[in-house]
Amino acid sequence: MASAADSHWMAHALRLAERGLNTTSPNPRVGCVLVKDGIVIGEGWHERAGELHAEPIALHAAGERARGATAYVTLEPCSHFGRTPPCADALIAAGVARVVIAMQDPNPLVSGRGVAKLRDSGIVVETGLMEASARELNLGFVSRMTRGMPWVRSKIAASLDGRTALANGVSQWITGPAARQDVQRLRARSCAVLTGIGTVLADDPQLNVRDSEVVRQPLRVVLDSHLQISSSSRILQGGPVLIYAAIPDSAKITLLEQLGAQVVVLPNPDEQVDLPAMLGDLARRGINEVLVEAGAKLNGGLLQAGLVDELLLYLAPQLLGDEARGMAALGNLMALDQRIELQWQDVRHVGSDLRLTARINRP
Ligand code: AOF
Ligand code: ZN
């Protein structure tokens, strides 16, 4: 049975895991705390794929004191030889007496085997403590492992009447500086930022993280079915870029590759990038969380295809009127049962704007 102390230490392990928010992908964010006689004797978090997992870092800090201790881990310790040896083996070898785990590892290479290994060696194992928080922290990793798709978050900056730009396309600075700073934070945690060629041609955005501390730029992804992107587009600078096309224009592909971009052609009879195939491809590349920063067309297409998981709406206290552009092109719905239903997840003030988070209702 979990005690108040167990919850306290697991909350601490979750905070440690969160330190890897912007760096661990494609791996999950994981934290570990080793406690003996009510005091922490070692702690650690996973920082980067290829480097040590959370448990061996904590075990190293604890040394011999780990014998008989309790380990609090936000994810089931791994049982497989990946880029690093199994953490379950390391906990067993160190003589840890009890392991409290927030959630099972959804990675099919592990899922349940880590727990089984620990139990087989006589360690007391408890799972499910603060599981909801642990899942939330790794919702992209869980999505990729269980659905073969990344977690897709669409960010939309709009006026109070849901308008994103004037009819003539003018859209800059609807939301204030605090909201734009918040978007920087979102980009930093995302594995990829996705946009459409319409946005690239109209706004020439960079979609990168402009923070001197940043250790990893998200992969910028452009859907450009007919390869209309200009070689002088700013998105082609400042970090890795992946372009999805629907037609194989080899001369243009060579040019873009010379500029450092990677081009993937997903042939499609209607000459539009196949959205589920594109997201499946991103998942195979280890992309856990995708941030969509696009116009009404791509947002509408992704929503209609049921590919968006979450909407992040930055709402400015202003009205742009009915002629201004909307946030998602969904066509002319003829019946209410065609509407897309969501659930509110969170609401807060960000500077002079509101940030609303909603998640798509899944049947
Ligand atoms: C843990 N503790 O801190 C993490 C785990 O390629 P590797 O060796 O880094 O293994 C990556 C897999 O290990 C990852 O897909 C997930 O299943 C697990 N991550 N496990 O025990 C950790 N980061
Ligand atoms: Zn591990």
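Good morning. I begin with the ligand site: by class, the residues that form the shell around ligand 1 are nine nonpolar, six polar and three charged. Please keep in mind that this is a predicted model. In that model, ligand 1 is surrounded by 18 residues, and the closest are V30, H46, H53, G82 and N107.

I turn now to the overall arrangement. The protein is divided into two parts, with domain 1 covering residues 4-141 and domain 2 covering residues 148-360. Their C-alpha centres are 34 Å apart. Eight residues from domain 1 and 10 residues from domain 2 make up the contact. What is the character of the side of domain 1 that touches domain 2? Its residues comprise four nonpolar and four polar, with no charged residues.

Finally, I would like to consider helix α1. This helix runs over residues 4-18, which is 15 residues in length. From its first C-alpha to its last, helix α1 reaches 21 Å, close to the 21 Å expected at 1.5 Å a residue. Which residues of α1 are buried? They are W9, M10, A13, L14, L16 and A17. These buried residues lie on the same side of α1, because they cover an arc of only 155° around the axis. On the face turned away from that buried side, α1 carries the exposed residues A4 and H8.

One may then ask what covers the buried residues of α1. The covering elements include the strands β1 (31-36), β2 (39-45), β3 (70-73) and β4 (98-101), together with helix α5 (131-137).

Thank you for your attention.

Methods
Residues numbered from 1 in each chain as written. Chains lettered and ligands numbered in written order. Predicted model: local features only at pLDDT ≥ 70, side-chain atom pairs only at ≥ 80, totals over all residues. Domains from an automatic or database assignment. Contact = placed C-beta atoms within 7 Å. Nonpolar A, V, L, I, M, F, W, Y, C, P; charged D, E, K, R; others polar. Helix = DSSP H or I, 4+ residues; strand = E, 2+ residues; numbered from the N terminus. Expected span 1.5 Å × (residues − 1). Buried ≥ 20, exposed ≤ 12 C-beta atoms within 10 Å, placed from the backbone. Arc of directions from axis to C-beta. Near = placed C-beta within 6 Å.
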